[in-house]
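Please open the model in your viewer and keep the selection panel at hand. The tour below moves from one selection to the next and says what is there at each stop.

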Amino acid sequence: MDTLNLTKSLNLSFIEQVSKESGQNPSLCYQCGNCTAGCPYTHFFDYPVSQIMRLLQTGQRDTILSSKAIWLCATCETCTTRCPCEIDVAMIMDTLRVIARRENKVSEKDVKLFYDSFLNSVKEHGRLFEVGTLLSYNLRSGNFFADADLGPKVLEKGKIHFFPKKIKGRDKVAKIFTRFQEKAKKHG
Amino acid sequence: MAEKEYAYYAGCSLEGTAVEYDMSMRQVFKALGVSIVEPEDWSCCGSTPAHTVDRVFAAALAARNLTIIEKMGTGTVTVPCPSCLSVLKRAHLGMTGDESFRNEVNELLDEPYEGGVVPKSTLQVMLEDVGLDTIASKVTHALPGLVVAPYYGCILTRPPEIAQFDDPENPMSMDKILEAVGVKVADYAFKLECCGAAFGVPKRDMVNRLTYRVLSMALEAGANCIAVACPLCQQNLDLRQGQVNSTMNTSFNLPILYFSQIVGLTYGLSPKELGMDKLVVSADDIVRSRITIEELAQREANAKAAEAEAKAAEKLKKAKVKEEDTKTEET
């Protein structure tokens with residue numbers, strides 16, 4: 001277990017930033033641990049979700065943003081559903097991912113890369129092109145044969161399309177991406 | 001039920017790896033007299049990846065579709081995929097509940113969304129709008145021997161503020177629909193336990209370990225089949241079942257059917273049209289086990305008659321033994 005000097009690494013503006021962006025009040029958390037008790041991913045996390053909440057209350061920005069936990073959370077909503085203080089914990093985890101992404105501090109590169117491959121496919125075609133997304137992920141991640149064992153199975157079932165279904169309004173979908181990027185640039 | 005028209009947002013998975021969900025859902029709706037129309041030129045909802053980027057951006061990808069659906073004038077859009085549903089509902093609720101959020105989202109769109117669409121899962125439309133009586137009235141076939149573990153996945157009913165449907169801890173909508181069509185439903189404790197969601201590609205081991213638990217618990221509940229309502233759950237449990245077997249040293253052979261396929265089978269619909277052959281773990285045994293309800297009634301009557309006969313024979317035997325006993329006593 002890591003030892004943190006809370007005074008040295010305290011970042012008050014981070015608490016404010018997460019509260020504002022998530023619309024949640026992390027100080028309501030009294031560390032009952034119910035979120036962690038129900039979290040299906042806790043065995044894979046470096047910090048259980050209740051500890052992420054505690055780290056947030058103590059403004060431990062760098063530890064949180066570089067944690068694996070925020071990227072291995074699947075937004076299954078168990079924590080949010082069971083929090084006795086009615087904190088939308090999954091929304092806080094989501095906000096933390098968004099901030100980590102913005103600050104280029106992503107610990108689980110493959111997870112982000114998969115999401116990016118997915119979104120690139122949507123930007124290009126308007127809809128998700130499953131084969132293209134997988135190939136793009138495999139090439140960019142270096143995991144050239146990720147899920148190669150599944151190929152023959154879906155092929156045999158006639159579930160694979162080798163060409164994307166391009167929608168007419170794909171430029172309109174692409175515009176959502178560019179408008180967002182322009183806006184993000186403007187606001188730094 | 002007066003025929004009502006719904007917009008039907010199938011989502012990207014239902015064009016590819018979950019094509020059998022689309023096929024069976026359409027067939028079942030047709031049988032129930034529910035008329036559905038696909039929104040023209042719909043686009044991807046953004047799903048999980050978009051909300052790791054930004055909330056407004058994610059809502060915009062979803063809201064482009066809400067704008068298209070709003071113009072159709074159906075009022076309600078029915079959505080088979082829980083991930084699409086959740087994203088569409090988040091966008092709708094966020095935009096109708098918060099004006100500044102709505103403006104921010106609309107700034108990213110060509111045409112604004114005004115808030116006039118109610119997204120509902122296909123399960124919700126069946127349960128609440130069609131109703132269990134109508135669902136039951138279309139049954140022509142039975143699946144004797146089938147015991148189903150109803151698996152809802154994480155987000156179909158959660159969080160309750162977004163889903164606004166069924167129970168967030170012990171959902172029953174799928175249980176009720178399956179029971180209404182005469183299928184035996186197992187008491188399944190893992191209805192909501194996450195299957196690994198969208199991590200299949202980048203974190204395969206993690207997903208295999210999670211699906212292992214979902215599959216094991218279904219067997220423990222006495223089920224010989226799992227019913228799902230989510231393309232991602234289905235993919236993780238069905239397509240990746242072989243991976244689970246090789247990594248976890250197990251020998252699962254558990255068919256994973258969409259609830260709509262099971263309903264369709266009880267309606268006597270053709271297995272081919274329900275996409276039964278699209279499943280990776282074969283459901284052929286289930287298809288073969290199908291009999292008409294008349295046959296089932298005959299079988300049950302025969303079984304009852306045989307039972308009554310056996311009972312009568314037993315009674316006769318007992319009476320004979322007693323008679324002989326009294327005879328021996330007398331002598």
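What follows is a walk through chain B of a predicted model.

Begin by selecting the whole of chain B, whose C-alpha trace spans about 105 × 50 × 35 Å along its principal axes. Colouring by secondary structure should bring out 15 helices and ten strands. Of the 331 residues in chain B, 54% are buried, and if you consider the contacts with a separation of 6 or more, 80% of them join residues 24 or more positions apart.

Next, select residues 19-31 of chain B, which form helix α1. The end C-alpha atoms of α1(B) are 19 Å apart, in agreement with the 18 Å that its 13 residues should span at 1.5 Å a residue. How many of the 13 residues of α1(B) are buried? Ten of them are, so the helix is largely enclosed by the rest of the structure. The buried residues form a run that begins with Glu20(B), Tyr21(B) and Asp22(B) and includes Arg26(B), Gln27(B), Val28(B) and Phe29(B). To see what covers these buried residues, add to the selection β2 (35-37), α6 (122-130), α11 (231-239), β9 (256-258) and α13 (259-266) of chain B, which are among the covering elements. Before leaving the helix, look at Gly33(B), which follows α1(B) and has a positive phi, near 75 degrees.

Now turn to strand β8, residues 225-228 of chain B, both of whose faces are covered. Cys225(B) and Ala227(B) lie on one side, Ile226(B) and Val228(B) lie on the other, and all of these residues are buried. Add strand β6 (residues 147-151) of chain B, and you will find that β6(B) and β8(B) pair in the parallel sense over four bridges; in one of the places to inspect, Pro150(B) has Ala227(B) as its bridge partner. Then show β9(B), which runs parallel to β8(B) and is joined to it by three bridges, with Ile226(B) standing opposite Ile256(B). The strand β9(B) has already appeared on this tour, among the elements that cover the buried residues of α1(B).

Finally, display chain A as well, and select the 42 residues of chain B that are in contact with 45 residues of chain A. On the chain B side, the elements that give two or more residues are α2 (47-51), α3 (55-72) and α10 (204-220). If you colour this side of chain B by residue class, its residues divide into 26 nonpolar, seven polar and nine charged.

Methods. Residues numbered from 1 in each chain as written. Chains lettered and ligands numbered in written order. Predicted model: local features only at pLDDT ≥ 70, side-chain atom pairs only at ≥ 80, totals over all residues. Buried ≥ 20, exposed ≤ 12 C-beta atoms within 10 Å, placed from the backbone. Contact = placed C-beta atoms within 7 Å. Expected span 1.5 Å × (residues − 1). Nonpolar A, V, L, I, M, F, W, Y, C, P; charged D, E, K, R; others polar. Pairing = 2+ DSSP bridges.
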